[in-house]
Amino acid sequence: MSSFEGVLVSDQWLQSQFTQVELRSLKSRFISAKNQNGKVTTGDLPQIMMNLKAFKERHSEEEIRGILSESDPQLSDEIDFESFLRAYLNLHGRSAEKVGGANNSWSFLKASTTTLLHTISESEKSLYVAHINSYLRDDAFLSNYLPLDPYSNDLFNLAKDGVLLCKLINVAVPGTIDERAINTKRVLNPWERNENHTLCLNSAKAIGCTVVNIGTQDLVEGRPHLILGLISQIIKIQLLADLNLRKTPQLLELVQESGDIEELINLPPEKILLKWMNFHLQKAGYKKPVSNFSSDLKDGEAYAYLLNILAPEHCSPSTLATKDPNERAKLVLDHAERMDCKRYLTPKDIVEGSSNLNLAFVAQIFHQRSGFAVDGKQVSYAEMMTDDVLTSREERCFRLWINSLGIVSYVNNVFEDVRNGWILLEALDKVSPGSVNWKHASKPPIKMPFKKVENCNQVIRIGKQLKFSLVNVAGNDIVQGNKKLILAFLWQLMRFNILQLLKNLRSYSRGKEMTDGDILKWANSKVKGTGKSSQIESFRDKSLSNGIFFLDLLSAVQPRVVNWNLVTNGENDDEKRLNATYIISVARKLGCSIFLLPEDIIEVNPKMILTLTASIMYWSLQQPVEEIDISPSPATASTITDMSTTSSINGEDESSSLCGEVLNLNLDDTGSDTTVSSVIENERDLM
């Protein structure tokens, strides 16, 4: 919640090459080496660089020494932090050349957030600007700033106060953010701006975005590639939101045999989109299957066949007759425009095979003209395939939580994706580093069934070592997709995560094991200390349904964060929902990374109530005493120093460094730009 300037470098170009997460991580390495030796020289660099993951698998120490000596042959010369960063960039560039060139593009499907050697696609930027202009033009606040000019820096300048990104998240998944919690003024002070960005990042995680390497300071600075990377993920989630059986039961038409229904349910949305496209192409007589959104669409033929069968009334024979791909692409876009599809891309984008833009275009066509027949029997059958509401909510929560850990794999469907055990091993390694024996683990794709069982057996074995309740549970239960047992295991893993995180705040726990009772006692004590009368007996206490206790708790840890003029008495369902949505947004705005829904508060789901309380507790215990107890005025907010960041960089803050040991335990990782946990975790990706 504090104002944060981050690690500053005098050379602005050099500063622009790194995110704050990367700068803090490299600064930590540099200071550690300096503390050991009294200074850092060019001769020390090979050994330091060899300890970074980015280089140790590509270069020997002698190769690194040779590369660095080319630019600075005096090995005894002392270097400062900026020289260290330049050496890192130099070595990173040479390393990229060694493996055939760096991959500079960030993917629409899972946006990369590293800044090194980054590029920005102007075509993609134009798409996102057009999308924002279209969907947010009637917003009461943003209408004063729209439309944005796609050929200027309007987008990045407007994103700096956080309002645009918060509003865009609500377009993608309506109701994610209670807009009453967004600070909307023409001029925001640093405190309010930081709150908006914290709310944005935690809400983005809550809809499935990968934001591991993005901090609030990166958004404040308007870093183009990071902002575009985040926007691309948000828009993707919006465009693909209906590509599932629950929202579009007509997708059952894509299934030829009953045995394929489960496969369809478990496909990620972009794969369903490809399946939909191939379904219609096959009916149209197109012989080549489309397996991607880039090379297979470059010649425009697949588009021509698809549009001809979906909208034959707008068909033009010349589209397929022409031999010029550019001309065909132009005719395809003309055809789509007659179908009322917004023109977000150009013929050049199709010919060049931009996967991001093509995916967006195909999704637009799907929304405009899916080509499905309405069949009541199929709709009813699809509805029968859905899980009960509570199971679906828990699956969603655990899916988003696992994805927020920053593991390599991405979870689309918990019940299907964990069955080979690999994702669970990745999650366990994040929550309990060193617990997984990777030599005995098999990485997907896994063809041999017994290898999946071996992975899952190791998952169960580690769970028992962590004292999970796993009586009569075997690895084969996970392989078979037993939903009840999978949810039970994931809840215990998440709860372990929470308690371990709090235990590692030794300034509070003094290293003793934490329990649910400790969290409950802390929450009641915190509220009582402010003179409020609300208290709870357990995390099942029905009085929690009206939300008043949580609002009292949030106000207790940060008095200025709750606007009591917006709070209702919670006496009926509508008032309870208003309070619940406000609580979730205020907690995220504070810096809590949480994945519950308003229904979890209204219905008093004890598991989700525990995660919310623990997240607030964790945030509170990290704050300097002055910041918790004193409400700063807007005039003084900009002068607040982020104490935990400073101490983390210098390796002196016990609680932050200890939190780092459990690697991004996700009660407050990217929402707050203050802990070392995200730095240590991201060293694995960066280095």
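Start by selecting helix α18 (residues 347–352) in this predicted model, where Lys348 and Glu352 sit 4 residues apart, about one turn of the helix. These two residues form a salt bridge whose closest N and O atoms are 3.8 Å apart, and Lys348 is exposed, with a relative accessible area of 52%. Next, select Asp139, Lys167 and Glu179 together, which are joined into one network by salt bridges that share partners.

Move then to helix α6 (residues 81–98), which holds both Arg86 and Glu82, again 4 residues apart. Their salt bridge has its closest N and O atoms at 3.9 Å; Arg86 is partly exposed at 37% relative accessible area, whereas Glu82, at 18%, counts as buried.

For another pair, select Asp178 and Arg180, whose closest N and O atoms lie 2.6 Å apart in a salt bridge. Here Asp178 is buried at 10% relative accessibility, while Arg180 is partly exposed at 30%. A search of the whole structure finds 26 salt bridges.

Now turn to the interior, and select Leu230, Trp276, Met277 and Ile365, which touch the most other members of the largest nonpolar core, a set of 171 residues. Helix α26 (residues 483–503) contributes the most to this core, with 12 residues. Around Leu230, leaving aside neighbours within four places in sequence, look for its contacts with Leu165, Cys200, Leu201, Ala204, Cys209, Val211 and Ile214.

Finish at helix α29 (residues 548–557), which is largely enclosed by the rest of the structure because 9 of its 10 residues are buried, including Phe549, Phe550, Asp552 and Val557.

Technical notes
Residues numbered from 1 in each chain as written. Predicted model: local features only at pLDDT ≥ 70, side-chain atom pairs only at ≥ 80, totals over all residues. Heavy atoms only, no water. Core = buried A, V, L, I, M, F, W, Y, C linked by side-chain atoms within 4.5 Å. Buried < 20%, exposed > 50% of the residue type's maximum accessible area, 1.4 Å probe, protein only. Helix = DSSP H or I, 4+ residues; strand = E, 2+ residues; numbered from the N terminus. Contact = heavy atoms within 4.5 Å. Salt bridge = Lys/Arg side-chain N within 4 Å of Asp/Glu carboxyl O.
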